[in-house]
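Me: I'm new to reading protein structures, and I'd like a close look at just one part of this one. Could you walk me through a salt bridge and what sits around it?

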Amino acid sequence: EKHQEVLDLDFSPDGKLLASCDRSGSCRLWDTESGEQSVCIDYKYAGAPLQMRSVRFLPPQDGQAQILTAMAAPRGPACLAVYGTDGKLVRETKLHAKPLTALATDASGSFACVNLVTGGKRVYSLPGLRCVKKAEDVHELPAPCAAFLGEATAVSGSGDRSINLMSYAPRESTGLRILVAMVCTMLFAWAMAFVIFSMDEAADRKEL
């Protein structure tokens, strides 16, 4: 079916759905077997419509597939949102006051990289949309390309002929940090006890 110029598209992992964004500002889901449109999603921020520019399928949550969409107005702001394949909004966040220029997700669907027209970039955890790393002015011009390298590197390419590699380390949970601190404290205590015991034993030998 013909609509306005297509900006981006992605297939679901099982190949049964196709998601597309077009110049109308909408994101559409299609049944790949019948070719029929199943869902049409429009997004508004603070009451104003934003164009849905990019879309990526995410791993299923509770048995239902989800999509990640990136939206922006011509002069901003830029937002990210997670939707169910039924078109219901699951989660959303504002990225920046200015527009975005690229969206990429890693192979596991656990992180998203977003480039901004300002030359900055962000990495978000998925599907929670928590910002885990951000950097400003990594490029002098907008970066229309984004990709992931390995397990924890977000790559962006810009019109200023530069390529930026930004590493990010998933934050350890509070429980894990506490456990590591406890283990380190115990090891330190054992080491000090051993040193004191050795000194006492050496002193006793000298007395003999």
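Reply: Take the side chains of aspartate 8 and arginine 56: they meet in a salt bridge, 2.6 Å from N to O. Keep in mind that this is a predicted model, so treat that distance as a value computed from it. The two partners come from distant parts of the chain, with aspartate 8 in strand S1 and arginine 56 in strand S6, 48 residues apart. Is aspartate 8 buried or exposed? Its relative accessible area is 14%, and buried means under 20%, so aspartate 8 counts as buried.

Now look at what else aspartate 8 does. Its bridge partner in S2 is cysteine 21. That pairing belongs to a set of five bridges joining S1 to S2, and the two strands run antiparallel. Strands of a sheet pair through backbone hydrogen bonds, either parallel or antiparallel. So aspartate 8 has a side chain in a salt bridge and a bridge partner in the neighbouring strand.

Step back a little and you can see the sheet that S1 sits in. Four strands make up this open sheet, in the order S1-S2-S3-S4, with antiparallel pairing. S1 and S4 are the edge strands, each pairing on one side only. On average, neighbouring strands here are turned by 20 degrees against each other, direction ignored.

What about S6, the strand at the other end of our salt bridge? S6 covers residues 48-61 and is one of the elements giving two or more residues to the largest nonpolar core. With four residues, S6 gives the most to this core. The core has 18 residues, and those touching the most other members are Cys27, Ile41, Tyr43, Met52, Ile67, Met71 and Tyr83. Strands S2, S3 and S4 also give two or more residues each, as do S7 and S8. If you pick out methionine 71, you'll find that its contacts beyond its neighbours within four places in sequence include Tyr43, Leu50, Met52, Leu80 and Leu100.

For comparison, here are two other salt bridges. How many does a search of the whole structure find? The search finds four. One of them joins the side chains of arginine 23 and glutamate 5, at 3.2 Å from N to O. Arginine 23 lies in the loop between S2 and S3, and glutamate 5 in the segment before strand S1, 18 residues apart. Arginine 23 is partly exposed, at a relative accessible area of 42%.

Another pairs arginine 122 with glutamate 136, where the closest N and O atoms are 2.8 Å apart. Here arginine 122 is in strand S12 and glutamate 136 is in the loop between S13 and strand S14, 14 residues apart. Check the burial on each side: arginine 122 is buried, with a relative accessible area of 5%, whereas glutamate 136 is partly exposed at 41%.

S12 also takes you to a second open sheet, with four strands in the order S10-S11-S12-S13 and antiparallel pairing. Strands S10 and S13 are at its edges, each pairing on one side only. Inside the sheet, S11 and S12 pair over five bridges, again in the antiparallel sense. One pair to find on your screen is asparagine 115 with its bridge partner in S12, lysine 121.

Notes: Residues are numbered from 1 along each chain as its sequence is written. This is a predicted model: local features need pLDDT of at least 70, side-chain atom pairs count only at pLDDT 80 or more; totals for chains, interfaces and linings use all residues. Side-chain values use heavy atoms; hydrogens and water are left out. Two strands pair if DSSP finds at least two bridges between them. A nonpolar core is a set of buried Ala, Val, Leu, Ile, Met, Phe, Trp, Tyr and Cys residues joined through side-chain atoms within 4.5 Å. Buried means under 20% relative accessible area, exposed over 50%, partly exposed in between (1.4 Å probe, protein chains only). Contact means heavy atoms within 4.5 Å. Axes are lines fitted to C-alpha atoms, for helices over the stretch in contact, and angles run from 0 to 180 degrees between N-to-C directions.
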